[in-house]
Amino acid sequence: MSRVAVVGVGNTPFKARHIDKTFQRLAYESVKSALQDAGAARDDVDSVVYAIYNDFFERCAMPDLHIHYLLGLARKPALRVTTGGATGGYAMRAAYAEVASGLHDVVMVVGVEKVADVANVMEMIKSITYAADPFFEASLGASPAGSYGGAILWHMENYGTTEEDMARVVVKNKGNARNNPDAHSPMDITVADVLASPMVIYPLKILDHCLNSEGAATVILANEEAAGRFAGKPVWMTGVGASNESGRQAERDDVGDSLFPAVKASADRAYAMAGVSDPAGSIDLAEVYDSFSGVEICLYEEFGFCGRGEGARFLADGRASAGGSNPVNPSGGLIGGEHAIGATGVYQVVEVVRQIRGEAGARQVAGARRGLAQSMGGARGAYSVSIVLEG
Amino acid sequence: MSDDPRFKPLKEQDGFAIIPDRWKIDYFASAGELSRFFLELKDNAKIMGTRCPSCGSLYCWPRSWCHECYVDCEWVEMSPRGEVVVFSRIEINLNDLQQMQPPFIQGSVLLEGARYPIVSFFRDVAFDDMHKGLPVKAVFLPAEERTGRIRDFYFVPE
């Protein structure tokens, strides 16, 4: 297997609504910026993997087909990946496999989502509801997102995690977004502001929720030989782990005290592949799937940044903050930065690459050499992808 | 037809064309090998599960084959009793599929003998009285209100 390098990254700004752009245009703008970043031309691209989550959002069951030829790539192969919130992560994995296997020299991953064409938030949530088991659970009208609430309550009951602890995640991530010029929701807020925001699904208030963003992100991968053709120093994908769980909200085999067993399995695979044995000591930063504030606290534990039940302490001690031992979501994450769903797992890689290159501006993590990108989707993280990147 | 967005004229917003549209697809979905679950639920107010004849796992929601033994399972009537596993309180209207007015409690119940919990709603219980392990039993809607979907029943404390 060839080593796989990231040779180009790009993205659009992320915001609630790009009223002036179609999903094709958003994809094009991120592709153009990634090609410029790589010093590449579109003819250098041998194959594309599109990360586009939900047909309902784009009003199209084959949105990738309606982008590809407009990128001037007709008669080149392309594949669409759709795995909920892990769409971007799994697309990165598919592209990795195309390069590592020797099938192609240069493969581009294009993540795009345009969520605000759906008439309103209730219609948007309904479209996600159709991700549930169609025979049994979809008729409840319960979004898979609701499955996170139970996991977070479990963490509160068993480890004493509080709503204040979760609010600190929001303050951190909205605050980090102030250093990201492409972020959707930079805010200077306090724990009290978060606690005072309207309750949605106890214990999650509106500010504990991830964003619904529009935007696009692109990553260009190349094998070791081809990587030399492009501008700049490559960043290597050294670990790629993926894992799935039951798609039903409550069905989980007992795997001990892991609330997100697919996340742990994906991280363990990525760590093993990259030779990471001490995550807390060797992961310089992480861009992770903070779909809800409390989830980020659980994830610190799944990634081995701290022990079971120590997530809230890890955060309160500042270890996940900018300048901490393991900064988490310096871009702002899904709560402050963006959540253009299919694009998210791709944008996480864009951000980790910028950090490792030392190009992350005001959000730069000093000395960043190795980073983690992780995305997940479906009921309580039923899909998970973890990616280790190194300079 | 008049309220169907697919036939309405576009709107203009900030110089951009905003096109009203709708995806509307009707189905007659075959429940296939799972049919007995839905028929028994609607006609007889029973929750059916399946048991693997090889490893003995009891599945509800039912699955027609055991994913570990790769053999066909047998139908079994489930006990309507079980215990609460996880729960949360829904405070807003999430969408028009939702049957209950918020706030309401949603969560999972492990039916007696089952390998995995099922998702449902809780009624006649205060949120503060909910806890893991709380004994509950299924209550079925009256026959004329049942439609053969899992929202035909909910759980109350024993």
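Start by selecting Val346(A) in this predicted model. Leaving aside residues up to four places away in sequence, Val346(A) touches Ala51(A), Gly88(A), Ala91(A), Met92(A), Val109(A), Gly111(A), Ala217(A), Thr218(A) and Val219(A). Show those neighbours as sticks and keep them on screen for the next stop.

Now widen the view to the largest nonpolar core, a set of 164 residues. Val346(A) is among the residues with the most contacts inside this core, together with Val6(A), Ala91(A), Val219(A), Val349(A) and Leu389(A). Colour helix H15 of chain A, residues 341-357, and you will have picked out the largest share of the core, 9 residues. As a general backdrop, nonpolar side chains tend to be buried together in soluble globular proteins.

Next, move to where the two chains meet. Select the contact residues: 28 come from chain A and 33 from chain B. On the side of chain A that touches chain B, helix H5 (121-129), helix H6 (146-159) and strand S5 (199-202) each supply at least two residues. Which of the elements gives the most to this side of chain A? It is H6(A), with 5 residues. Colour this side of chain A by class and you should find 15 nonpolar, 8 polar and 5 charged residues.

Stay with S5(A) and add strand S6 of chain B, residues 81-90. These two strands pair across the chains in the antiparallel sense, over 2 bridges. To find one of the partnerships, click on Tyr202(A): its bridge partner in S6(B) is Arg89(B).

Hide chain A for the last stops. In chain B, select strand S7 (residues 104-111) and S8(B), which run antiparallel and are joined by 5 bridges. Val109(B) is a handy landmark here, with Ile118(B) as its bridge partner in S8(B). Follow the chain round the turn: S7(B) and S8(B) make a hairpin with 6 residues between them, and Gly113(B) in that turn has a positive phi of about 85°. Is strand S8(B), residues 118-122, enclosed or open? 5 of its 5 residues are buried, so S8(B) is largely enclosed by the rest of the structure.

Finish on the open sheet of 3 strands in chain B, ordered S4-S3-S5 with antiparallel pairing. Strands S4 (58-59) and S5 (74-77) of chain B are the edges, each pairing on one side only. Select S3(B), residues 48-51, alongside S5(B) to see an antiparallel pair with 4 bridges. Within that pair, Gly49(B) stands opposite Val76(B) of S5(B).

Methods
Residues numbered from 1 in each chain as written. Chains lettered and ligands numbered in written order. Predicted model: local features only at pLDDT ≥ 70, side-chain atom pairs only at ≥ 80, totals over all residues. Buried ≥ 20, exposed ≤ 12 C-beta atoms within 10 Å, placed from the backbone. Pairing = 2+ DSSP bridges. Contact = placed C-beta atoms within 7 Å. Nonpolar A, V, L, I, M, F, W, Y, C, P; charged D, E, K, R; others polar. Core = buried A, V, L, I, M, F, W, Y, C linked by C-beta atoms within 7 Å.
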